[in-house]
Amino acid sequence: MEGGVVVVENGRIVEIGRRTPPGAVEQDLGDALLIPGLVNAHTHLEFSSLKKRLGKPGISLPEWVRLVIGQRPTSRQVDKAVAAGLQQSVQAGVTTVADICRLPSNAYADAAVCPRSVLMQESIGYSQARAASALSAAKQGLEELGAASQRADGRVSLGVSPHAPYTVSPHLIRELVSLASERRLPVALHLAESPEELELMNSGTGPFQELLEERSMWDPWSVSRGATPQDYLRILNLAPHALVVHGNYLDHASLAMMGRHADSMSLVYCPRTHSYFQHSEYPLAEALALGVRVCIGSDSLASSPDLSILSEMREVAAKHPTVSPDAILRMATHSGAEALGVNDRSGSIRPGAPADMVAVNVPGGIDGRANSLLESVLNDDQPIAGCWIGGQAVV
(Lines give C-alpha, C1' and ligand atoms only; values in the text may rest on other atoms or scores of the structure.)
Protein backbone atom coordinates (compact mmCIF):
# COMPACT_ATOMS: atom_id res chain seq x y z
CA MET A 1 0.00 0.00 0.00
CA GLU A 2 1.71 3.17 -1.16
CA GLY A 3 1.46 5.97 1.38
CA GLY A 4 -0.13 3.61 3.88
CA VAL A 5 -0.88 4.57 7.46
CA VAL A 6 -0.66 2.08 10.34
CA VAL A 7 -2.51 3.29 13.42
CA VAL A 8 -1.16 2.03 16.76
CA GLU A 9 -2.83 2.30 20.16
CA ASN A 10 -1.56 0.73 23.37
CA GLY A 11 1.01 -1.33 21.50
CA ARG A 12 -1.43 -2.86 19.03
CA ILE A 13 -2.41 -2.13 15.46
CA VAL A 14 -5.98 -0.87 15.35
CA GLU A 15 -6.28 0.30 11.76
CA ILE A 16 -4.52 0.24 8.39
CA GLY A 17 -5.49 2.82 5.78
CA ARG A 18 -4.35 5.92 3.91
CA ARG A 19 -5.34 8.70 6.32
CA THR A 20 -4.03 9.72 9.71
CA PRO A 21 -6.90 9.85 12.24
CA PRO A 22 -7.68 13.31 13.66
CA GLY A 23 -5.54 14.11 16.68
CA ALA A 24 -3.07 11.30 16.10
CA VAL A 25 0.68 11.91 16.27
CA GLU A 26 2.10 11.07 12.87
CA GLN A 27 5.56 9.69 12.15
CA ASP A 28 6.46 9.87 8.46
CA LEU A 29 8.96 7.15 7.52
CA GLY A 30 9.74 8.65 4.11
CA ASP A 31 10.75 6.36 1.25
CA ALA A 32 10.76 3.14 3.21
CA LEU A 33 9.12 -0.25 3.27
CA LEU A 34 7.23 -1.01 6.46
CA ILE A 35 7.19 -4.78 6.91
CA PRO A 36 6.33 -7.12 9.78
CA GLY A 37 8.97 -7.61 12.45
CA LEU A 38 11.41 -10.29 11.30
CA VAL A 39 11.23 -13.79 12.77
CA ASN A 40 14.40 -15.77 13.48
CA ALA A 41 13.03 -19.31 13.58
CA HIS A 42 16.28 -20.90 14.73
CA THR A 43 19.30 -19.63 16.62
CA HIS A 44 21.67 -20.49 19.47
CA LEU A 45 22.14 -17.21 21.34
CA GLU A 46 24.53 -18.75 23.86
CA PHE A 47 27.29 -18.34 21.25
CA SER A 48 26.66 -14.62 20.71
CA SER A 49 29.89 -13.62 22.46
CA LEU A 50 32.02 -15.29 19.77
CA LYS A 51 34.15 -12.84 17.79
CA LYS A 52 34.25 -14.99 14.64
CA ARG A 53 32.87 -18.19 13.17
CA LEU A 54 34.43 -21.48 14.23
CA GLY A 55 36.66 -23.30 11.78
CA LYS A 56 37.09 -22.41 8.13
CA PRO A 57 34.61 -22.34 5.23
CA GLY A 58 33.89 -25.86 4.03
CA ILE A 59 34.68 -27.50 7.38
CA SER A 60 32.89 -30.81 7.92
CA LEU A 61 30.05 -30.77 10.42
CA PRO A 62 31.63 -33.35 12.78
CA GLU A 63 34.85 -31.33 12.97
CA TRP A 64 32.87 -28.14 13.56
CA VAL A 65 30.87 -29.86 16.34
CA ARG A 66 34.16 -30.67 18.08
CA LEU A 67 35.01 -26.96 18.00
CA VAL A 68 31.55 -26.05 19.32
CA ILE A 69 31.95 -28.44 22.25
CA GLY A 70 35.21 -26.73 23.13
CA GLN A 71 33.64 -23.25 22.93
CA ARG A 72 30.44 -23.86 24.88
CA PRO A 73 29.99 -21.10 27.47
CA THR A 74 29.72 -21.84 31.16
CA SER A 75 26.54 -21.07 33.09
CA ARG A 76 28.11 -17.79 34.21
CA GLN A 77 28.88 -16.78 30.64
CA VAL A 78 25.48 -17.68 29.19
CA ASP A 79 23.63 -14.62 30.52
CA LYS A 80 26.15 -12.24 28.96
CA ALA A 81 26.10 -14.06 25.62
CA VAL A 82 22.31 -14.27 25.43
CA ALA A 83 21.96 -10.59 26.37
CA ALA A 84 24.37 -9.70 23.55
CA GLY A 85 22.40 -11.89 21.14
CA LEU A 86 19.09 -10.31 22.08
CA GLN A 87 20.53 -6.83 21.56
CA GLN A 88 22.02 -7.79 18.19
CA SER A 89 18.71 -9.31 17.14
CA VAL A 90 16.66 -6.23 17.96
CA GLN A 91 19.17 -3.93 16.25
CA ALA A 92 18.76 -6.08 13.12
CA GLY A 93 14.95 -5.83 13.17
CA VAL A 94 14.29 -9.28 14.62
CA THR A 95 11.20 -9.00 16.82
CA THR A 96 10.64 -12.73 17.38
CA VAL A 97 13.39 -15.28 18.05
CA ALA A 98 13.41 -19.05 18.65
CA ASP A 99 16.43 -19.73 20.83
CA ILE A 100 17.80 -23.22 21.49
CA CYS A 101 18.56 -23.21 25.22
CA ARG A 102 21.12 -25.56 26.73
CA LEU A 103 21.14 -23.67 30.04
CA PRO A 104 18.62 -21.24 31.61
CA SER A 105 19.30 -17.53 31.39
CA ASN A 106 17.99 -14.44 33.14
CA ALA A 107 18.75 -12.29 30.09
CA TYR A 108 15.25 -12.63 28.63
CA ALA A 109 13.69 -11.10 31.75
CA ASP A 110 16.48 -8.62 32.48
CA ALA A 111 16.95 -7.18 28.97
CA ALA A 112 15.80 -3.57 28.61
CA VAL A 113 14.38 -4.47 25.18
CA CYS A 114 13.62 -8.09 24.42
CA PRO A 115 12.11 -9.58 21.27
CA ARG A 116 9.29 -12.07 21.64
CA SER A 117 11.13 -15.29 22.39
CA VAL A 118 10.38 -19.00 22.10
CA LEU A 119 12.83 -20.79 24.38
CA MET A 120 13.46 -24.30 23.05
CA GLN A 121 14.84 -26.56 25.78
CA GLU A 122 17.68 -28.57 24.22
CA SER A 123 18.08 -32.27 25.00
CA ILE A 124 20.94 -34.67 24.29
CA GLY A 125 20.95 -38.41 24.96
CA TYR A 126 22.07 -40.80 22.22
CA SER A 127 22.20 -44.05 24.17
CA GLN A 128 18.98 -45.78 25.11
CA ALA A 129 20.21 -45.95 28.70
CA ARG A 130 20.28 -42.13 28.83
CA ALA A 131 16.71 -41.63 27.63
CA ALA A 132 14.99 -41.59 31.03
CA SER A 133 17.47 -39.20 32.68
CA ALA A 134 17.53 -36.94 29.59
CA LEU A 135 13.73 -36.74 29.60
CA SER A 136 13.76 -35.86 33.30
CA ALA A 137 16.38 -33.19 32.66
CA ALA A 138 14.24 -31.74 29.85
CA LYS A 139 11.25 -31.44 32.16
CA GLN A 140 13.40 -29.75 34.80
CA GLY A 141 14.83 -27.41 32.15
CA LEU A 142 11.34 -26.44 31.02
CA GLU A 143 10.42 -25.58 34.61
CA GLU A 144 13.47 -23.34 34.93
CA LEU A 145 12.80 -21.66 31.58
CA GLY A 146 9.16 -21.25 32.57
CA ALA A 147 10.17 -19.42 35.73
CA ALA A 148 12.23 -17.01 33.64
CA SER A 149 9.41 -16.55 31.15
CA GLN A 150 6.99 -15.48 33.88
CA ARG A 151 9.21 -12.46 34.55
CA ALA A 152 9.46 -11.46 30.89
CA ASP A 153 6.26 -9.45 30.48
CA GLY A 154 4.43 -12.19 28.55
CA ARG A 155 6.84 -12.08 25.62
CA VAL A 156 8.40 -15.49 26.27
CA SER A 157 6.98 -18.95 25.55
CA LEU A 158 8.53 -22.42 25.60
CA GLY A 159 9.44 -25.25 23.26
CA VAL A 160 11.40 -28.50 23.10
CA SER A 161 14.49 -29.31 21.05
CA PRO A 162 15.89 -32.83 20.81
CA HIS A 163 19.21 -31.79 19.27
CA ALA A 164 19.90 -34.06 16.28
CA PRO A 165 19.88 -37.70 15.13
CA TYR A 166 23.58 -37.94 15.98
CA THR A 167 23.03 -36.87 19.62
CA VAL A 168 19.49 -38.03 20.47
CA SER A 169 18.03 -41.52 20.11
CA PRO A 170 14.71 -42.03 18.28
CA HIS A 171 13.24 -43.30 21.56
CA LEU A 172 14.09 -40.06 23.36
CA ILE A 173 12.79 -37.98 20.44
CA ARG A 174 9.45 -39.83 20.70
CA GLU A 175 9.29 -39.12 24.43
CA LEU A 176 10.08 -35.43 23.90
CA VAL A 177 7.52 -35.12 21.11
CA SER A 178 4.95 -36.72 23.40
CA LEU A 179 5.85 -34.22 26.13
CA ALA A 180 5.53 -31.34 23.66
CA SER A 181 2.16 -32.64 22.47
CA GLU A 182 0.83 -32.82 26.03
CA ARG A 183 1.88 -29.22 26.67
CA ARG A 184 1.13 -27.90 23.16
CA LEU A 185 4.74 -26.80 22.62
CA PRO A 186 6.72 -26.55 19.36
CA VAL A 187 9.54 -29.03 18.68
CA ALA A 188 12.77 -28.30 16.78
CA LEU A 189 15.17 -30.98 15.48
CA HIS A 190 18.32 -30.55 13.40
CA LEU A 191 17.81 -33.07 10.58
CA ALA A 192 19.49 -34.05 7.30
CA GLU A 193 22.13 -31.44 8.04
CA SER A 194 25.14 -33.25 6.57
CA PRO A 195 26.21 -36.36 4.61
CA GLU A 196 27.92 -37.64 7.77
CA GLU A 197 24.60 -37.61 9.61
CA LEU A 198 22.95 -39.61 6.82
CA GLU A 199 25.80 -42.14 6.96
CA LEU A 200 25.32 -42.61 10.71
CA MET A 201 21.58 -43.17 10.19
CA ASN A 202 22.08 -45.62 7.36
CA SER A 203 25.02 -47.74 8.52
CA GLY A 204 26.03 -46.67 12.04
CA THR A 205 29.48 -45.73 10.78
CA GLY A 206 31.49 -42.64 9.88
CA PRO A 207 32.77 -39.49 11.59
CA PHE A 208 29.75 -39.05 13.86
CA GLN A 209 30.07 -42.62 15.11
CA GLU A 210 33.70 -41.88 15.92
CA LEU A 211 32.75 -38.65 17.72
CA LEU A 212 30.13 -40.47 19.80
CA GLU A 213 32.69 -43.15 20.64
CA GLU A 214 35.16 -40.47 21.74
CA ARG A 215 32.61 -38.96 24.10
CA SER A 216 31.44 -42.32 25.49
CA MET A 217 27.99 -41.79 23.99
CA TRP A 218 27.98 -44.50 21.32
CA ASP A 219 25.17 -47.07 21.46
CA PRO A 220 25.15 -49.44 18.44
CA TRP A 221 21.54 -50.37 19.15
CA SER A 222 20.19 -46.82 19.36
CA VAL A 223 19.27 -46.48 15.66
CA SER A 224 18.15 -49.25 13.30
CA ARG A 225 20.39 -49.68 10.28
CA GLY A 226 18.94 -48.27 7.09
CA ALA A 227 17.19 -45.38 8.90
CA THR A 228 16.36 -42.27 6.84
CA PRO A 229 15.18 -38.71 7.59
CA GLN A 230 11.63 -39.84 6.87
CA ASP A 231 11.73 -42.07 9.94
CA TYR A 232 12.34 -38.96 12.03
CA LEU A 233 9.74 -36.94 10.14
CA ARG A 234 7.12 -39.53 11.08
CA ILE A 235 7.95 -38.99 14.75
CA LEU A 236 7.95 -35.19 14.42
CA ASN A 237 4.59 -35.25 12.66
CA LEU A 238 2.98 -36.11 16.01
CA ALA A 239 3.95 -32.70 17.42
CA PRO A 240 1.57 -29.71 17.20
CA HIS A 241 4.35 -27.60 15.62
CA ALA A 242 7.50 -29.30 14.33
CA LEU A 243 10.50 -27.43 12.95
CA VAL A 244 12.95 -29.37 10.80
CA VAL A 245 16.15 -27.34 11.14
CA HIS A 246 18.55 -27.09 8.17
CA GLY A 247 17.28 -30.04 6.08
CA ASN A 248 20.18 -29.51 3.68
CA TYR A 249 20.01 -33.06 2.36
CA LEU A 250 16.30 -33.86 2.41
CA ASP A 251 15.30 -35.83 -0.68
CA HIS A 252 12.19 -35.40 -2.80
CA ALA A 253 10.17 -37.98 -0.84
CA SER A 254 10.97 -36.28 2.48
CA LEU A 255 10.09 -32.83 1.14
CA ALA A 256 6.86 -34.17 -0.35
CA MET A 257 5.97 -35.63 3.04
CA MET A 258 6.61 -32.27 4.68
CA GLY A 259 4.48 -30.58 2.05
CA ARG A 260 1.59 -32.91 2.85
CA HIS A 261 1.87 -31.98 6.53
CA ALA A 262 2.59 -28.27 6.13
CA ASP A 263 -0.13 -27.44 8.67
CA SER A 264 2.09 -28.79 11.46
CA MET A 265 5.59 -29.22 10.02
CA SER A 266 8.01 -26.53 8.80
CA LEU A 267 11.50 -26.37 7.32
CA VAL A 268 14.01 -23.87 8.72
CA TYR A 269 16.60 -22.70 6.19
CA CYS A 270 19.75 -21.03 7.58
CA PRO A 271 21.18 -19.57 4.34
CA ARG A 272 24.54 -18.15 5.40
CA THR A 273 25.33 -21.14 7.59
CA HIS A 274 24.52 -23.37 4.62
CA SER A 275 26.94 -21.34 2.50
CA TYR A 276 29.65 -21.43 5.19
CA PHE A 277 29.72 -25.23 5.22
CA GLN A 278 29.65 -25.25 1.39
CA HIS A 279 26.86 -27.78 1.28
CA SER A 280 25.22 -28.94 -1.93
CA GLU A 281 22.63 -26.56 -3.39
CA TYR A 282 19.75 -26.06 -1.00
CA PRO A 283 16.45 -27.58 -2.25
CA LEU A 284 14.49 -24.38 -1.63
CA ALA A 285 12.64 -24.08 -4.93
CA GLU A 286 11.68 -27.76 -4.78
CA ALA A 287 10.47 -27.44 -1.19
CA LEU A 288 8.30 -24.41 -1.99
CA ALA A 289 6.90 -26.10 -5.10
CA LEU A 290 5.89 -29.09 -2.97
CA GLY A 291 4.02 -26.83 -0.54
CA VAL A 292 6.54 -26.99 2.31
CA ARG A 293 6.29 -24.10 4.76
CA VAL A 294 9.82 -22.70 4.80
CA CYS A 295 11.09 -20.15 7.32
CA ILE A 296 14.48 -18.57 7.99
CA GLY A 297 16.98 -18.91 10.82
CA SER A 298 20.41 -17.46 11.54
CA ASP A 299 21.84 -20.45 13.43
CA SER A 300 24.58 -18.86 15.61
CA LEU A 301 27.72 -16.76 15.50
CA ALA A 302 29.61 -20.05 15.42
CA SER A 303 28.55 -20.43 11.78
CA SER A 304 27.13 -17.07 10.68
CA PRO A 305 28.67 -13.55 10.72
CA ASP A 306 25.75 -11.95 12.60
CA LEU A 307 22.13 -12.46 13.63
CA SER A 308 20.51 -10.36 10.88
CA ILE A 309 17.53 -12.06 9.25
CA LEU A 310 17.47 -9.27 6.63
CA SER A 311 20.98 -10.37 5.62
CA GLU A 312 19.77 -13.97 5.49
CA MET A 313 16.93 -12.85 3.18
CA ARG A 314 19.49 -11.17 0.93
CA GLU A 315 21.49 -14.40 0.84
CA VAL A 316 18.36 -16.26 -0.26
CA ALA A 317 17.74 -13.70 -3.00
CA ALA A 318 21.33 -14.05 -4.25
CA LYS A 319 21.42 -17.85 -4.13
CA HIS A 320 17.88 -18.53 -5.37
CA PRO A 321 16.97 -15.98 -8.09
CA THR A 322 13.87 -17.96 -9.11
CA VAL A 323 12.28 -17.50 -5.66
CA SER A 324 10.10 -14.39 -5.60
CA PRO A 325 10.78 -11.48 -3.21
CA ASP A 326 7.29 -11.94 -1.80
CA ALA A 327 8.08 -15.58 -0.94
CA ILE A 328 11.32 -14.55 0.77
CA LEU A 329 9.49 -11.93 2.83
CA ARG A 330 6.89 -14.50 3.89
CA MET A 331 9.64 -16.94 4.91
CA ALA A 332 11.18 -14.31 7.18
CA THR A 333 7.93 -13.19 8.80
CA HIS A 334 4.57 -14.95 8.72
CA SER A 335 5.89 -18.45 7.94
CA GLY A 336 8.29 -18.32 10.87
CA ALA A 337 5.52 -17.19 13.21
CA GLU A 338 3.25 -19.99 11.96
CA ALA A 339 6.02 -22.54 12.35
CA LEU A 340 6.47 -21.57 16.01
CA GLY A 341 2.75 -21.33 16.69
CA VAL A 342 2.93 -17.61 17.56
CA ASN A 343 1.25 -16.16 14.44
CA ASP A 344 -1.48 -14.71 16.66
CA ARG A 345 1.08 -12.21 17.97
CA SER A 346 3.89 -12.11 15.43
CA GLY A 347 4.77 -12.12 11.75
CA SER A 348 2.15 -9.82 10.21
CA ILE A 349 0.86 -6.26 10.09
CA ARG A 350 -2.89 -6.49 10.67
CA PRO A 351 -5.53 -4.97 12.96
CA GLY A 352 -5.47 -6.57 16.39
CA ALA A 353 -1.87 -7.73 16.19
CA PRO A 354 0.95 -6.33 18.34
CA ALA A 355 2.72 -3.51 16.50
CA ASP A 356 5.94 -5.39 15.74
CA MET A 357 7.28 -3.74 12.58
CA VAL A 358 10.48 -2.95 10.71
CA ALA A 359 11.25 -0.07 8.33
CA VAL A 360 13.81 -0.53 5.55
CA ASN A 361 14.87 2.36 3.34
CA VAL A 362 14.18 1.96 -0.38
CA PRO A 363 17.09 2.73 -2.75
CA GLY A 364 16.43 5.67 -5.08
CA GLY A 365 15.30 5.30 -8.69
CA ILE A 366 12.99 2.33 -8.09
CA ASP A 367 9.38 2.29 -9.33
CA GLY A 368 6.49 1.98 -6.92
CA ARG A 369 5.42 -1.59 -7.58
CA ALA A 370 5.58 -3.67 -4.42
CA ASN A 371 7.73 -6.49 -5.78
CA SER A 372 10.14 -4.03 -7.39
CA LEU A 373 10.54 -2.16 -4.11
CA LEU A 374 11.07 -5.36 -2.16
CA GLU A 375 13.49 -6.70 -4.75
CA SER A 376 15.50 -3.47 -4.54
CA VAL A 377 15.78 -3.85 -0.76
CA LEU A 378 16.89 -7.48 -1.09
CA ASN A 379 19.58 -6.44 -3.57
CA ASP A 380 20.78 -3.62 -1.32
CA ASP A 381 23.04 -3.70 1.74
CA GLN A 382 21.54 -0.99 3.95
CA PRO A 383 20.66 -1.90 7.56
CA ILE A 384 17.15 -1.44 8.88
CA ALA A 385 15.94 2.14 9.37
CA GLY A 386 13.64 1.50 12.32
CA CYS A 387 12.12 -1.22 14.47
CA TRP A 388 9.11 -1.32 16.79
CA ILE A 389 8.13 -4.01 19.29
CA GLY A 390 4.65 -3.61 20.70
CA GLY A 391 4.53 -0.11 19.23
CA GLN A 392 7.70 0.92 21.10
CA ALA A 393 10.53 2.22 18.91
CA VAL A 394 13.58 0.13 19.75
CA VAL A 395 15.79 1.16 16.78
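**Notes on the predicted model: helix packing, cores and a few odd residues**

1. Let's start with D326, which touches N371 and L374 once residues up to four places away in sequence are set aside. This is a predicted model, so read everything below as a comment on a prediction. D326 sits in helix α13 and comes out as partly exposed, at 46% relative accessibility. For a sense of distance, its C-alpha atom is 27 Å from that of L86, and 240 residues separate the two along the chain.

2. Those D326 contacts belong to a helix pair. Helix α13 (residues 325-332) and helix α15 (residues 370-378) have axes that come within 9 Å and cross at roughly 65 degrees. The two helices are therefore roughly perpendicular to each other; the cut-off for that label runs from 65 to 115 degrees. As for handedness, α13 passes α15 in a left-handed crossing. On the α13 side the residues are P325, D326, I328 and L329, and they meet N371, L374, E375 and L378 of α15. By class, the residues of this contact split into five nonpolar, one polar and two charged.

3. Next pair: how far apart are the axes of α1 and α7, and at what angle do they pack? Helix α1 (residues 61-71) and helix α7 (residues 207-214) have axes 9 Å apart and an angle of about 25 degrees. That makes α1 roughly parallel to α7, since angles under 35 degrees get that label. The crossing of α1 past α7 is right-handed. L61, P62, V65 and R66 of α1 make the contact with P207, F208, L211 and E214 of α7. The residues of this contact divide into six nonpolar, no polar and two charged.

4. The α8 and α9 pair packs at about 10 degrees, with the axes 10 Å apart. So α8 is roughly parallel to α9, and their crossing is right-handed. From α8, the residues P229, Q230, L233 and R234 meet A253, S254, M257 and M258 of α9. This contact has five nonpolar, two polar and one charged residues.

5. Staying with α9 for a moment: which of its residues are buried? In this helix (residues 252-260), they are S254, L255, A256, M257, M258 and G259. The cover over them includes α8 (229-236), β9 (241-246), β10 (265-269) and α11 (284-289). When you look at α9 in the viewer, S254, M257 and M258 are worth picking out, as they are buried and also take part in the contact with α8.

6. On to the nonpolar cores. The largest one has 101 residues, and W64, L236, V244, L267 and M313 touch the most other members. L236 is a good one to click on: leaving out residues up to four places away in sequence, it touches V177, V187, L189, A242, V244 and M265. Apart from that core lies another, of 16 residues, with V39, A98, V245 and C295 among them. It may be worth colouring the cores separately, as V244 is in the largest core while V245 is in the 16-residue one.

7. Two backbone spots to check. Most residues other than glycine have a negative phi. N10, although not a glycine, has a positive phi of about 50 degrees. N10 is placed in the loop between β1 (5-9) and β2 (12-17), and it is exposed, with a relative accessible area of 82%. The other is R184, again not a glycine, with a positive phi of about 60 degrees. R184 is in the loop between α5 (170-183) and β8 (186-191) and counts as exposed at 60% relative accessibility.

8. Last, V8 in strand β1. Buried, exposed or partly exposed: where does V8 fall? V8 is partly exposed, with a relative accessible area of 34%. Not counting residues up to four places away in sequence, V8 touches A355, M357 and G391. The C-alpha atoms of V8 and A24 are separated by 9.5 Å, with the two residues 16 apart along the chain.

Methods: Residues are numbered from 1 along each chain as its sequence is written. This is a predicted model: local features need pLDDT of at least 70, side-chain atom pairs count only at pLDDT 80 or more; totals for chains, interfaces and linings use all residues. Side-chain values use heavy atoms; hydrogens and water are left out. A nonpolar core is a set of buried Ala, Val, Leu, Ile, Met, Phe, Trp, Tyr and Cys residues joined through side-chain atoms within 4.5 Å. Buried means under 20% relative accessible area, exposed over 50%, partly exposed in between (1.4 Å probe, protein chains only). Contact means heavy atoms within 4.5 Å. Axes are lines fitted to C-alpha atoms, for helices over the stretch in contact, and angles run from 0 to 180 degrees between N-to-C directions. Helices (H or I, at least four residues) and strands (E, at least two) are DSSP runs, numbered from the N terminus. Angles under 35 degrees count as roughly parallel, over 145 as roughly antiparallel, 65 to 115 as roughly perpendicular and the rest as oblique. A crossing is left-handed if the near helix is turned anticlockwise from the far one by less than a right angle, and right-handed if clockwise. Ala, Val, Leu, Ile, Met, Phe, Trp, Tyr, Cys and Pro count as nonpolar, Asp, Glu, Lys and Arg as charged, and the others, Gly among them, as polar.
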